[in-house]
Amino acid sequence: MIGENEALAGYLVRQVPGFADSPELEVVGADRDRSDAVAGALGRYLLRLERKALRREADDSESVALDRAFEVFEELAASDDPAVREALVSEIFEPLHADDVVVAAVETRLGPRSSALFRRWAV
């Protein structure tokens, strides 16, 4: 779980395998300390991986990254910090809503807290 004094941006980079070396995070560049920029990059990274998984093209490391990302979503959704929950909804879930097939797949993998936020955001 993200600690009170830990920056969300660093937490996301460390917790989701492969994200630190992803092209999506590379584009963020000097804004790597901005939680909104990093969370948005994570959303785009996961969109790419989920699309690959749906086409059955994801390798084992990408499958592990997706599994861990959904665990992280649940951790973020359980946070007492409204800014953390807001970043999950507005920066990570938004890119995932770019593709209806991805939305359907994501909905089946979310935990109870992150699922509630995902559904609330979509309305």
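This section describes the salt bridges, the packing of the first helix and one unusual backbone angle in a predicted model.

A search of the whole structure finds 10 salt bridges. Side chains of opposite charge can pair when their charged atoms come close. One of the bridges joins Arg-48 and Glu-24, with a distance of 2.6 Å from N to O. Arg-48 belongs to helix H3 (residues 35-54) and Glu-24 to helix H2 (residues 23-28), so this pair ties together parts that are 24 residues apart in sequence. The partners can also be described by their accessibility. Arg-48 has a relative accessible area of 29% and is partly exposed, whereas Glu-24, at 12%, counts as buried. The value for Glu-24 falls in the buried class because that class covers residues under 20% relative accessible area.

Helix H3 also contributes Arg-51, whose side chain meets that of Asp-99 in a salt bridge of 3.2 Å, N to O. Asp-99 is located in the loop between helix H5 (82-96) and helix H6 (100-109) while Arg-51 is in H3, so the two residues connect parts that are 48 residues apart in sequence. With a relative accessible area of 31%, Arg-51 is partly exposed.

A further salt bridge is formed by the side chains of Glu-62 and Lys-52, at 2.8 Å from N to O. Here Lys-52 is the residue in helix H3 and Glu-62 lies in helix H4 (residues 60-77); the pair therefore ties together parts that are 10 residues apart in sequence. Glu-62 is buried, its relative accessible area being 11%. Elsewhere, Asp-31, Arg-34 and Asp-36 are joined into one network by salt bridges that share partners.

The next element considered is the helix H1. In H1, which spans residues 8-15, the residues Leu-8, Ala-9, Tyr-11, Leu-12 and Val-13 are buried. The buried residues of this helix pack against four helices, namely H2, H3, H4 and H5. Two of these, H3 and H4, also hold Lys-52 and Glu-62, respectively, the partners of a salt bridge described above.

The loop between H3 and H4 contains Arg-56. The phi angle of Arg-56 is near 60°, a positive value in a residue other than glycine. Arg-56 has a relative accessibility of 78% and counts as exposed, because residues over 50% are assigned to that class. In contrast to this exposed arginine, Arg-48 in helix H3 is partly exposed, as is Arg-51, which lies in H3.

Technical notes: Residues are numbered from 1 along each chain as its sequence is written. This is a predicted model: local features need pLDDT of at least 70, side-chain atom pairs count only at pLDDT 80 or more; totals for chains, interfaces and linings use all residues. Side-chain values use heavy atoms; hydrogens and water are left out. A salt bridge is a side-chain nitrogen of Lys or Arg within 4 Å of a carboxyl oxygen of Asp or Glu. Buried means under 20% relative accessible area, exposed over 50%, partly exposed in between (1.4 Å probe, protein chains only). Contact means heavy atoms within 4.5 Å.
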